[in-house]
Amino acid sequence: VLETANNLITGNREADYGPPKLNFQNIADRWSQHLGIDIEGYQVALMMADLKIARLATTGRPHADSFVDLAGYAALAAELADDK
């Protein structure tokens, strides 16, 4: 799961969406505008991980890719928090 998540983060997803730091900061900027509070990139990753956990908790049979995504978001949150 961790190896697959790493391959996605540094491979296809980065190619599709750009570097995670920039991508998550762009999301944070938009969410900050909508909510009227400051949100940082690592918080976006945490909230995306929370979304995956909520889905896993409510589905009858969890999908393997949800665990991969969860691991990826956790790793990105750690990296982005270290950049602070």
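Which residues are linked in a network of salt bridges? In this predicted model, the network comprises Arg13, Lys52 and Asp69. The close-up views below present this network and the nonpolar core.

**View 1. The salt-bridge network of Arg13, Lys52 and Asp69.** A search of the whole structure finds 2 salt bridges. One joins the side chains of Asp69 and Arg13, with an N to O distance of 3.3 Å. The other joins the side chains of Lys52 and Asp69, at 2.9 Å from N to O. Asp69 thus takes part in the pair with Arg13 and in the pair with Lys52.

**View 2. The salt bridge between Asp69 and Arg13.** The side chains meet at 3.3 Å (N to O). This pair connects distant parts of the chain, since Asp69 belongs to helix H5 (residues 64-82) and Arg13 to helix H2 (residues 12-17), 56 residues apart. Asp69 counts as buried because its relative accessibility is 12%, which lies under the 20% limit. Arg13, at 37% relative accessibility, counts as partly exposed, as its value falls between the limits of 20% and 50%.

**View 3. The salt bridge between Lys52 and Asp69.** The N to O distance of this salt bridge is 2.9 Å. Here too the pair links distant parts of the chain: Lys52 lies in helix H4 (residues 41-58) and Asp69 in helix H5, with their positions 17 residues apart in the numbering. The side chains of Lys52 and Asp69 are also joined by a polar contact of 2.9 Å.

**View 4. The surroundings of Lys52 in helix H4.** Lys52 has a relative accessible area of 9% and is therefore buried, the limit being under 20%. When neighbours within four places in sequence are left aside, Lys52 is in contact with Ser66, Asp69, Leu70 and Tyr73. Among these residues, Asp69 is the salt-bridge partner of Lys52.

**View 5. The largest nonpolar core.** This core contains 13 residues, of which Phe24, Val44, Ala45 and Leu76 touch the most other members. Helices H3 (20-35), H4 and H5 are the elements that give two or more residues to the core. The largest share, 5 residues, comes from H5. In soluble globular proteins, nonpolar side chains tend to be buried together.

**View 6. The contacts of Phe24.** Not counting residues up to four places away in sequence, Phe24 touches Gly41, Val44, Ala45, Tyr73, Leu76 and Leu80. Val44, Ala45 and Leu76 are, with Phe24, the core members that touch the most others. Tyr73 also appears in the contact list of Lys52.

Key:
Residues numbered from 1 in each chain as written. Predicted model: local features only at pLDDT ≥ 70, side-chain atom pairs only at ≥ 80, totals over all residues. Heavy atoms only, no water. Salt bridge = Lys/Arg side-chain N within 4 Å of Asp/Glu carboxyl O. Helix = DSSP H or I, 4+ residues; strand = E, 2+ residues; numbered from the N terminus. Buried < 20%, exposed > 50% of the residue type's maximum accessible area, 1.4 Å probe, protein only. Polar contact = N/O pair within 3.5 Å; in protein donor to acceptor, adjacent residues only side chain to side chain. Contact = heavy atoms within 4.5 Å. Core = buried A, V, L, I, M, F, W, Y, C linked by side-chain atoms within 4.5 Å.
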